[in-house]
Amino acid sequence: MSEPLVLGLESSCDETGVGIVRGRTLLANEVASSVDLHVRFGGVVPEVASRAHLSALIPTLERAAAKADVDLADLDAIAVTAGPGLMGALVVGLASAKALAAYLNKPLYGVNHLVGHVAVDLLDHGPLPMPSLALLVSGGHTQLLHVEDIATRITEVGSTIDDAAGEAYDKVARVLGLPYPGGPVIDKAAQQGDPSFIRFPRGLTAKHDLEKHRFDFSFSGLKTAVARWVEQRRIDGGAVPVEDVAASFQEAVCDVLTAKTVDAAQHLGVNSILIGGGVAANSRLRTLLEERAAEAGIELRRPRPALCTDNGAMIAAVGSEVILAGVRPSGLGISAHSGLPVSTIVV
């Protein structure tokens, strides 16, 4: 099968995504977000997200099929996120995919959400050089992945030992009185601020930390440092320079992410870095990583910002790659796995 026609369903968190690809060509990518329902809580509420998926899935599927101008009966396979993610949200997508696969008599692939953030770049830039290093940065994940074969062999090189980068953005935004989600608003505020205004700590970069956690990340201490600085400023009666604090915080995050990513690539001897996940749309992260990768003579691949956040196209892209690699379908008996490791590409 040279160019399989694959439908992808994504429901791991607060986006209901439906994507359709033919091989590595994107035909449709429709997303319904429930983020507005979570704003007043300052974070994603699992039950609210699950109910939103129930309401949004069929209309989103209909829009994707119309956009791609395909009949679902012509699909070669269906791919769905089996994990990691919120259990209730995963179950909604998985149950829907099973029903559709059974009705259409199509093979079903339960695939890894994290691998989707890697595979989606193929829709923009074609085949990924092997091996490559992927930096995944989102609200729930901050990981370095050694990609030796996108369909069969991916290993974790490093990860966060506490907060994910996106989670730290949300918490710092709350401290600064900025709305949820924090990533886009801090990025926007930071563009008007001075990144050298405050030298916030860079987690796990001290010599003794690098011996044990050379490629790992930590943002909990940074988040606390920002909160204490802001608290002290208010106690002293001074106005909090939101833009400068945002820029200084963002610089600390991006400095660590990019430095460790380039170091890992050089250590592994790979010549290609890929960045994915919601925080991969961050303007400073994209710019700084491009600069440091170029200095090291390493190619940097960055999917368009619209493909960085959770979407169905990335799941369809994984489905297409595993089909082309000859991986067997999952079958209708699979379950959702909220903590699915990235090494399990297909359940």
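This section describes the cysteines, the aromatic pairs and one charge-ring contact in a predicted model.

The predicted structure contains zero disulfides. For C13, the nearest cysteine sulfur belongs to C308 and is 16 Å away, and C13 takes part in no disulfide. A pair of cysteine sulfurs has to lie within 2.5 Å to be counted, so the 16 Å separation excludes this one. C308 is likewise in no disulfide; the cysteine sulfur nearest to that of C308 is the one of C254, 13 Å away. The surroundings of these two residues can be given in terms of accessibility. C13 is partly exposed, because its relative accessibility is 23%, whereas C308 is buried, with a relative accessibility of 1%.

Three aromatic pairs were found. In one of them, Y169 and F249 meet edge-to-face, with 5.0 Å between the ring centres and 70° between the planes. Y169 belongs to helix α6 (residues 165-175) and F249 to helix α10 (residues 242-268), so this contact ties together parts that are 80 residues apart in sequence. Both rings are buried, since the relative accessibility is 1% for Y169 and 0% for F249.

F197 and W229 also form an edge-to-face pair, at 6.2 Å centre to centre and with 75° between the planes. F197 is located in the loop between α7 (182-190) and α8 (207-213), and W229 in helix α9 (residues 220-235); the pair therefore ties together parts that are 32 residues apart in sequence. F197 is partly exposed at 37% relative accessibility, and W229 is partly exposed at 23%.

A charged residue is also placed against an aromatic ring: K260 lies over the face of F217, 6.0 Å from the ring centre.

Key. Residues are numbered from 1 along each chain as its sequence is written. This is a predicted model: local features need pLDDT of at least 70, side-chain atom pairs count only at pLDDT 80 or more; totals for chains, interfaces and linings use all residues. Side-chain values use heavy atoms; hydrogens and water are left out. Buried means under 20% relative accessible area, exposed over 50%, partly exposed in between (1.4 Å probe, protein chains only). Rings of Phe, Tyr and Trp (its six-membered ring) pair if their centres lie within 6.5 Å; planes under 30 degrees apart count as stacked, over 60 as edge-to-face and the rest as tilted. Helices (H or I, at least four residues) and strands (E, at least two) are DSSP runs, numbered from the N terminus. A charge sits over a ring if NZ of Lys or CZ of Arg is within 6 Å of the ring centre and within 35 degrees of the ring normal.
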